[in-house]
Amino acid sequence: MSRLIVVSNRVSAPKDPASGSAGGLAMALSAALRKYDGLWFGWSGETVEKFTGELKIEDRAGVTVGLVDLEAQDVDEYYNGYANKTLWPLFHHRTDLAAYERSYGEGYERTNARFADVLAPLIQPDDIIWIHDYHMIPMARDLRRRGITNRIGFFLHTPWPARQLLVTLPHHRRLVESMFDFDLIGFHTREWMELFQRYVEVEEKGTVTPDGEVRAFGRSVQTGVFPIGIDVDEFLTARNSVLGRRTYDRMSASAAFRSMMVGVDRLDYSKGLEERLSGYEQFLRDNPDKRGEVFLLQVTPISRDDVDTYQDIRARLDALAGRINGEFADMDWQPIRYLNRTYRRDQLAGIYRAARVGLVTPLRDGMNLVAKEYVAAQNPDDPGVLVLSRFAGAAEQMTEALLVNPFSREELSDAIKKALDMPLTERRRRWEALMTVVQDTDVSIWRDAFVSALQAVVRPGNGNGHAGDDGAATAHAA
Ligand code: GDG
């Protein structure tokens, strides 16, 4: 059995999965590594004055992790810069927020090359390598340059942008060309995959075969759709735990016969938080009789606070939540409980279960795991209603949610009303269909489907695809 080497910017293997504040993805990747045996490689989160390339190996809850420190300049230009100020906004269709600075691009290339320098000597001939996300797009190219011929797969956790927007990125061609050093590229949805394929067809006059092989730059790469999900068993365990149940009781008591709506999102402009609050404000205006009967619990941990745009949105949200509360609150009721903090997963599960409505309304989102967690946490006999943005990847599968356009305050207001008024039979019918989707896209299915597809890619030149063979070398000789 070959080893699996997972590579991502941050390595977040939870030290104690049961109590974790780690997200579903961290759990999933740790579980993948425990199953396949291997290594999780990435940035330690620490900075040093001068890059040394020293590798720190640790064991975290049975997962071997390999960590490397970066220089402050790398963190500025590669992580805060190119990853979070250039690619993240661009991939979420916010070219108005995207910063195109040469130094960011250079830092991105330099840091990926540094990661490759440290990683390449660790790779054994039978290993398969799975790179994650937009921080590490050139990684396969950098590893190939260092003589690595193993199978390398890539999974993009964000959307892929429309071609018309991607071409605003200086050196977009270079970025896309580097992706042809992967053997397999996975996307959450057919839509993101087709946008990638369309770019290659239009900009490079490339071709796409019916089974998703994309040819351009004199090479080819397999593409596929692998919708990520949550670890359903782990989440149900959290929901049924003592703290999960206690949190449910506490929230139900605190709601005091009012209907609670919940939102759980990192503080990020892609999550549509301002639009959500405006839609809720519209609902309060449209339905004076409902005031005092409903409230929104919005859990919003601060993220990427080193980036100006994130400080700006934080200030705007503080002001908006304060204004809505100031305008509508009564002596014994406040329409929004806005919390900039994190909760443990078992507490989150209890919160979701106590909420009559789950508001998941990003403006654009690769998948969105909160939508799946909300559904998994519900009481099957009396489930709540999921209001889901049609621009979340999750909307491609979760069609029985109330799908909304988050850019329209009125549509949001109507959807909140419909959710609150929905009869039990309809709530049950929709929930059963949604829960089937959540189970059918369990994270273990995602992981196994990707790894099997990577193992099965037939590489030009040999047809059997064993890592490290001549065919592989030829395929990547360009
Ligand atoms: C990216 C893509 C894609 C949030 N607050 C707390 C907390 N969370 C957890 C949630 C959920 C996770 O964070 C967020 O996942 P999402 O999928 O909603 O969003 P991103 O962080 O933007 O993730 C996204 C994902 O990658 C996976 O591919 O779905 O589209 O943008 O698990 O529960 N967890 C805890 N306390 C909190 O307060 N414990």
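The overall fold is described here, followed by five residues in their local settings. The model is predicted.

The chain holds 478 residues. Its secondary structure comes to 17 helices and 16 strands. The radius of gyration is 23 Å. A compact globule with 478 residues would have a value near 23 Å, so the chain agrees with that expectation. The C-alpha trace spans about 70 × 50 × 40 Å along its principal axes.

Buried residues account for 59% of the chain. Contacts between residues at least 6 apart in sequence were also examined. Of these, 75% join residues at least 24 apart. The accessible surface is about 19000 Å². Carbon and sulfur atoms contribute 47% of that surface. The chain carries 59 positive and 69 negative charges. The mean positions of the two sets lie 2 Å apart.

Asp59 belongs to strand S3, which covers residues 55-60. Its relative accessibility is 57%. The cut-off for exposure is over 50%, so Asp59 counts as exposed. The Asp59 side chain makes a polar contact with the backbone of Gly62. The partner atom is the backbone nitrogen of Gly62, reached at 3.2 Å. Asp59 was also compared in position with Ile185. The two residues are separated by 126 residues in sequence. In space, their C-alpha atoms are 29 Å apart.

Thr86 sits in helix H2, residues 72-91. Its relative accessible area is 1%. Buried means under 20%, so Thr86 falls in the buried class. A polar atom of the Thr86 side chain lies 2.5 Å from the backbone oxygen of Ala99. Ala99 also appears among the residues that Thr86 touches beyond four places in sequence. The others are Gly81, Ala98, Tyr100, Tyr104 and Leu169. Thr86 thus combines a helical position with a buried setting and a side-chain polar contact to Ala99.

Ser270 is likewise buried, with a relative accessible area of 3%. Ser270 is placed in a loop. This loop runs between strand S11 (259-264) and helix H10 (273-286). Neighbours within four places in sequence were set aside in listing the contacts of Ser270. The remaining partners are Trp88, His92, Pro362, Leu363 and Arg364. One of them, Trp88, carries a number inside the range of helix H2, residues 72-91.

Two loop residues have positive phi values. Lys205 has phi near 55°, and this residue is not a glycine. Lys205 lies in the loop between helix H7 (190-204) and strand S8 (207-208). The relative accessible area of Lys205 is 67%, so this residue is exposed.

Phe217 also shows a positive phi, at about 55°, without being a glycine. The loop that holds Phe217 joins strand S9 (213-216) and strand S10 (219-225). Phe217 has a relative accessible area of 19%. That value is under the 20% limit, so Phe217 counts as buried. The two residues with positive phi therefore fall in opposite classes: Lys205 is exposed, whereas Phe217 is buried.

How values were computed. Residues numbered from 1 in each chain as written. Predicted model: local features only at pLDDT ≥ 70, side-chain atom pairs only at ≥ 80, totals over all residues. Heavy atoms only, no water. Helix = DSSP H or I, 4+ residues; strand = E, 2+ residues; numbered from the N terminus. Rg over C-alpha atoms; globule rule 2.2 N^0.38 Å. Buried < 20%, exposed > 50% of the residue type's maximum accessible area, 1.4 Å probe, protein only. Contact = heavy atoms within 4.5 Å. Areas by Shrake-Rupley, 256 points an atom, 1.4 Å probe, with all protein chains shown as cover. Lys, Arg positive; Asp, Glu negative; His and termini not counted. Charge placed at Lys NZ, Arg CZ, Asp CG, Glu CD. Polar contact = N/O pair within 3.5 Å; in protein donor to acceptor, adjacent residues only side chain to side chain.
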